[in-house]
Amino acid sequence: MNMERKNRIEEVMASLEGIQKAKAPRDGFAKIQQKLADQRREQPTLSKPDYGWMKVAAVIALVVCSNAWAVSNYWGADRATSADASAYPQLVTDFNLYENE
C-alpha cells in the first residue's frame, strides 16, 4: 500500500515536469478596463426616485395636524372662557363692592 502511494506521488510529480508559469498578455489590463467601461456605458442610467408624492403627503399631513391642534386649542379656550364667564357673576355677588347694585 505504501508502495502504491509512493508511485502515485512520483507519477504526479513527474507530470509537473516541463510546466512553465503562465504569462499575462501585455494588453490584458487594458482589455479589462475597456470591457468595464463598455459595460458602464451600456447600463441604463438609474434616475433618482421621484418623491414628489411624499412631499405632497407630508404637506397634507402637516395641514391636517395643525388644523386638529388649532381646533383642540380653540375648544379648550372656549371652555375656559365659558367657565370664567359663569364664575364672574358669583364673584360679584360674593364680593359686592357696590351695595347699590
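**Briefing: an all-helix chain**

Val12 has a relative accessible area of 38%, so the residue ranks as partly exposed (buried is under 20%, exposed over 50%, partly exposed in between, with a 1.4 Å probe and protein chains only). The model is predicted: local features need pLDDT of at least 70, side-chain atom pairs count only at pLDDT 80 or more, and totals for chains, interfaces and linings use all residues. Residues are numbered from 1 along each chain as its sequence is written, and side-chain values use heavy atoms, with hydrogens and water left out.

**Fold and confidence**

- The chain has three helices and zero strands (DSSP runs numbered from the N terminus: H or I of at least four residues for helices, E of at least two for strands).
- Read from the N terminus, the order is α-α-α.
- Mean pLDDT over the chain is 79, and 72% of the residues reach at least 70 (pLDDT is the predictor's confidence in each residue, from 0 to 100).
- Helix 2 (residues 28–42) has the highest mean pLDDT of the elements, 89. Helix 3 (residues 52–94) has the lowest, 77.

**Surface**

- Of the chain's 101 residues, 1% are buried.
- The accessible surface is about 10,600 Å², and carbon and sulfur atoms hold 60% of that area (Shrake-Rupley method, 1.4 Å probe; for residues, only the protein chains shown count as cover).
- Ile9, Val12, Met13, Leu16 and Ile19 make up a nonpolar surface patch, together about 480 Å² of accessible area. Patch members have over 30% relative accessible area and no salt bridge; nonpolar side chains (Val, Leu, Ile, Met, Phe, Trp, Tyr) are joined within 5 Å, like charges within 9 Å.

**Helix 1**

- Helix 1 covers residues 2–15 and includes Val12.
- Helix 1 is hardly covered: zero of its 14 residues are buried.
- Its end C-alpha atoms lie 20 Å apart, which agrees with the 20 Å expected for 14 residues at 1.5 Å a residue (the expected span is 1.5 Å times one less than the number of residues).

**Salt bridges**

- The structure contains two salt bridges (a side-chain nitrogen of Lys or Arg within 4 Å of a carboxyl oxygen of Asp or Glu).
- Arg8 and Glu11 form one, at 3.1 Å from N to O. Both sit in helix 1, three residues apart, about one turn.
- Glu11 is partly exposed, because its relative accessibility is 49%.
- Asp38 and Arg41 also pair in a salt bridge, at 3.0 Å from N to O. Both belong to helix 2, again three residues apart, about one turn of the helix.
- Asp38 has a relative accessible area of 26%, so Asp38 is partly exposed. Arg41 reaches 61% and therefore counts as exposed.
- An α-helix has 3.6 residues a turn, so residues three or four places apart point the same way.
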